[in-house]
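Colleague: I should like to go through this model with you and to hear a reason for each term you apply. Please begin once the sequence and structure are shown.

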Amino acid sequence: MRTFDDGYTLWAEERMDDFAGRIYDIDEGLRSVSDSEKTIVDYLGGVCCSLSLGLAMRRYLCGKFGAELPSGDKRFTLSDGRVMVVKNYLRADYDVAVDDVDAYCEIIFDIYRTFNPAMDVPGFTKTEIRRLLRLDSACRREKMFDISFALHMNRDETSKFLTDVLAEQSYNPRNPEEIIALFCQSNRAYNRYSEYKRLIGRWRAVSAYADGGKTLADYTNVAGRKLSNELSGEEELFEFLNRNAHNFNGFSETAYKE
C-alpha cells in the first residue's frame, strides 16, 4: 500500500486491521454455537460492536496515560506513586480475558477517582471494571457515556468509542442528554460526571417550559455544525437546548415518527 504523511493512511490501516481481526473472532465464535437460527441471531446481536470493548479500553488508556517502554510495554504511574507495567496488547499471544486485568483495574479505578471525586459513576466498582476489561461484546449506549466520564474521555475520544466500538452514530443531536455530554466533554472545566448530572438535572427542571417552534427538516445538519463549534458556556448551552427542544426525540413529532 502506498503511504502518505498525512496520518490518514495509518488510521485506515488500523481500522482495516481491527475489522479483519473482528471478522475472524466472529467467525470463530459462530463455530462454537449451535446451528439453530435463534442461537445464531442471539450470538450476532451480542457481538454487534465492531471492536472488543476490553481491547479498545486498553488502547485508549495506553495512548493517553501510559508511557511506552523500549519493549513496547506500557508504564503507568498512579496518583499514590505506585507504578504499573502492562504488556503490549498488540502481541499475537495477548489474551484480553486474562492478561493484565488486575493491573488495568487499578489504573482505571485510579483515573476514575482522580477525575470524579465529587460523585460516583453508577455501578463503577472494581468488579464491574474487570467485567468491562474482559468484555468482547457491545455494551449499552447509555453505559458507554458512564464509561467515558469515568475514564475522563474528551469529545473526540468518546465519539471514537461510539462509532468504532459500538458501531453507532456519534453524539445524537436530537438527544438533549447527549448534547450535554458533548458540551461537558468539549470543555475541560465541565468534564466530570458530577457536572454532567448537574446539567441534566437543570435541563429536566426547565424542559417543560422550553420554547416551542416549527420543527426543522434539516435540524440534524444545522445542529451538527453548531455543536461542532464548542458552545462558549453553560448559558449558551441552555439557550441552544431551549431554542431547539421541539426538534428533540420526545419533543418532535416528526422525529418520533421517523
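Modeller: I begin with helix H3 (residues 53–65), where the cover over the buried residues includes S2, S3, H4, H5, helix H6 (141–150) and H7. Such cover rests on contacts, that is, heavy atoms within 4.5 Å. This is a predicted model, in which local features need pLDDT of at least 70 and side-chain atom pairs count only at pLDDT 80 or more, while totals for chains, interfaces and linings use all residues. Residues are numbered from 1 along each chain as its sequence is written, and side-chain values use heavy atoms, with hydrogens and water left out.

Colleague: What makes H3 a helix, and how does its span from first C-alpha to last compare with the one expected?

Modeller: Helices are DSSP runs of H or I with at least four residues, strands are runs of E with at least two, and both are numbered from the N terminus. H3 has 13 residues, so the minimum is met. The expected span is 1.5 Å times one less than the number of residues; H3 reaches 18 Å, close to the 18 Å expected.

Colleague: Which residues of H3 are called buried?

Modeller: They are Leu53, Gly54, Ala56, Met57, Arg58, Tyr60, Leu61 and Cys62. The term means under 20% relative accessible area, with exposed over 50% and partly exposed in between (1.4 Å probe, protein chains only). Across the protein, buried residues make up 44% of the 258 residues.

Colleague: How do you know that Ser52 caps the N-terminal end of H3?

Modeller: A side-chain oxygen of Ser52 lies 3.4 Å from the backbone nitrogen of Gly54. A polar contact is a pair of N or O atoms within 3.5 Å; within protein, one must be able to donate a hydrogen and the other to accept it, and residues adjacent in sequence count only if both atoms are side-chain atoms. The distance of 3.4 Å is within that limit, so the cap qualifies.

Colleague: Thr163 and Asp164 are adjacent in sequence; what makes their pairing a polar contact?

Modeller: The contact joins the side chain of Asp164 to the side chain of Thr163 at 3.3 Å, so the condition for neighbours is satisfied. Asp164 lies in helix H7 (residues 155–165) and has a relative accessible area of 7%, so the residue is buried.

Colleague: Why are S2 and S3 said to pair?

Modeller: Two strands pair if DSSP finds at least two bridges between them. Strand S2 (residues 74–77) and S3 are antiparallel and joined by four bridges; one of these matches Phe76 with Met84. The two strands form a hairpin with five residues between them, and Gly81 in the turn has a positive phi of about 95°.

Colleague: How does S1 come to be part of the sheet?

Modeller: Two bridges join S1 to S2, so the minimum for pairing is reached. The open sheet has the order S1-S2-S3 with antiparallel pairing. Its edge strands are strand S1 (67–68) and S3, each pairing on one side only. In S3 (residues 83–86), Met84 and Val86 form the covered face, whereas Val83 and Val85 form the uncovered one.

Colleague: What makes Lys87 and Asp99 a salt bridge?

Modeller: The term requires a side-chain nitrogen of Lys or Arg within 4 Å of a carboxyl oxygen of Asp or Glu. Lys87 and Asp99 meet at 3.3 Å, N to O, so they qualify. Both residues lie in the loop between S3 and helix H4 (101–115), so the pair ties together parts that are 12 residues apart in sequence. Lys87 is partly exposed at 30% relative accessibility, while Asp99 is buried at 13%.

Colleague: Which pair links helix H9 to helix H11?

Modeller: Arg202 and Glu235 form a salt bridge, with their closest N and O atoms 3.1 Å apart. Arg202 is in helix H9 (residues 193–206) and Glu235 in helix H11 (residues 234–243), 33 residues apart. Arg202 counts as partly exposed at 28%, and Glu235 as exposed at 53%. Both belong to a salt-bridge network with Arg192, Glu195, Arg198 and Glu234.

Colleague: Where is confidence lowest among the elements?

Modeller: By pLDDT, the predictor's confidence in each residue from 0 to 100, helix H12 (residues 253–257) has the lowest mean, 44, and S2 the highest, 97. The protein averages 80.
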